[in-house]
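Work through the two exercises below with the model in view. Try each task before you read its solution.

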Amino acid sequence: MKPPQSSVTHDSLGHSHAGLRDRQRRSLLRLLYGVSAATLLGFAGLQFFNHNPWLATGEIVAALTLLAGCVRLGRARSLRAWIYGLLIPLFAFFNLIILWPNASMAAFAWVLMMPVLAYQLLGQREGLRLSMPFMVAGCASYGWFLGTVESVGEGIDLLNMVLCAGLMLAFVHLYEQRREEAERRMLALARTDAVTGLANRDRFREALVRTIAECQRSNSAYALVLVTVDALQQVRREFGREVADEVAQQVSRCLTERLRITDEIGRLGEDRFGLILRDVSSDAADRLMAGLAGRIAERDLHAPHDAPRISASYGIAHSSRDGHQVDALFRTAERRCEVSGSGQAVPAPAQAPRQCRPATVDSD
């Protein structure tokens with residue numbers, strides 16, 4: 001039987017592919033709009049003194065446009081459009097100032113900023129697609145600015161430009177690639193139980209919310225099951241964390257082996273596990289849990305011979321009789337789990353199947 005599907009295949013990973021998070025990108029974008037406007041105004045004044053009135057006028061118009069955009073950016077909905085609206089004209093301007101008559105010899109340095117801005121605001125893939133063509137154009141523009149390379153010095157200048165641009169693009173690309181991988185690992189660790197490798201409470205709850213929405217759209221049934229491994233906390237107190245972790249890992253394997261790829265499993269506490277069973281009737285869910293309890297009972301847990309008896313109690317909340325509210329499903333399953341663990345009869349509607357009594361698991 002395949003292991004259950006991870007409950008965080010896509011959760012929060014969109015941020016990793018977008019460089020910075022939306023709030024951070026919005027702040028950086030407003031800063032870039034403001035700094036670009038201020039820089040253009042400064043250059044416009046210099047261009048007037050340098051007898052380039054047309055370029056100065058264009059820079060003033062662009063600066064005013066950027067200032068207006070900086071004000072409206074806080075209410076903008078399509079942030080990606082605003083990013084492209086800044087970066088494409090800005091990168092084109094970087095190439096233009098290289099070709100402009102009487103351009104500065106250091107104007108090519110702005111080309112090296114292209115991958116930094118593009119990767120921070122758009123992420124790895126889109127940043128590469130946007131910055132590479134403009135950087136190639138920038139190198140070509142600088143070669144055009146130098147004219148026909150007739151001296152060794154001019155050849156060295158062009159070679160330095162090409163090498164710097166290539167190294168900067170490669171460095172930023174590798175850095176962003178490693179950053180995305182590190183963020184994915186951190187997100188997985190933050191949402192995974194360190195002992196069993198299962199989803200933690202937050203990730204499991206998100207999986208339940210997603211399951212409810214999907215099952216309601218497809219009009220299919222599902223069940224939330226809470227499983228308590230009794231005496232596990234006592235084992236930890238008397239025999240240490242390592243022994244308790246080993247027992248938890250074995251119980252996790254028992255539960256995982258019988259689940260389908262569409263089901264979900266998580267560890268919600270030291271002695272509490274959660275299961276989400278899709279496309280299952282209440283009778284089938286009860287039979288499945290009885291079988292899982294039997295497998296746990298038959299499993300040879302590698303615990304000390306004098307360890308306390310370990311029993312597995314469970315409670316089932318089914319969509320057909322308990323609704324579709326997350327908190328209500330948790331409360332119902334927890335109440336039935338507690339009643340099951342006490343050995344009392346489980347109060348349930350008349351049409352509901354009888355809840356199985358807790359299965360005892362001997363540690364030896």
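Two exercises follow, on a helix pair and on a cavity, in a predicted model.

**Exercise 1. The helix pair**

Task: Find how helix H4 and helix H5 are oriented to each other, and which residues make the contact.

Solution:
- Step 1. Locate the helices. H4 covers residues 79-99, and H5 covers residues 114-122.
- Step 2. Take the geometry. The two pack at an angle of about 175°, and their axes are 11 Å apart.
- Step 3. Classify the angle. Angles over 145 degrees count as roughly antiparallel. Therefore H4 is roughly antiparallel to H5.
- Step 4. List the contact. H4 brings Arg80, Ile83, Tyr84, Leu87, Leu90, Phe91, Phe94 and Asn95. H5 brings Met114, Leu117, Ala118, Leu121 and Leu122.
- Step 5. Sort the residues of this contact by class. They divide into 11 nonpolar, 1 polar and 1 charged.

**Exercise 2. The cavity**

Task: Find how many cavities of 30 Å³ or more the whole structure holds, and describe the lining of the largest cavity.

Solution:
- Step 1. Count. The search finds 1 cavity of 30 Å³ or more.
- Step 2. Size it. The volume of the largest cavity is about 30 Å³.
- Step 3. Name the lining. It is made by Val227, Leu255, Met289, Leu292, Ala293, Ile296, Ala312 and Tyr314.
- Step 4. Assign elements. Helix H11 (282-298) and strand E4 (310-318) each give two or more residues to this lining. H11 supplies the largest share, 4 residues.
- Step 5. Sort by class. The lining has 8 nonpolar residues, no polar and no charged ones.

How values were computed: Residues numbered from 1 in each chain as written. Predicted model: local features only at pLDDT ≥ 70, side-chain atom pairs only at ≥ 80, totals over all residues. Heavy atoms only, no water. Axes fitted to C-alpha atoms, helices over the stretch in contact; angles between N-to-C directions. Parallel < 35°, antiparallel > 145°, perpendicular 65-115°, else oblique. Contact = heavy atoms within 4.5 Å. Nonpolar A, V, L, I, M, F, W, Y, C, P; charged D, E, K, R; others polar. 1 Å grid on protein atoms, 1.4 Å probe; cavity = no way out; pocket = protein on both sides within 12 Å on 5 of 7 lines; lining within 4 Å. Points joined across faces, edges and corners; volume = space filled by probe spheres on them.
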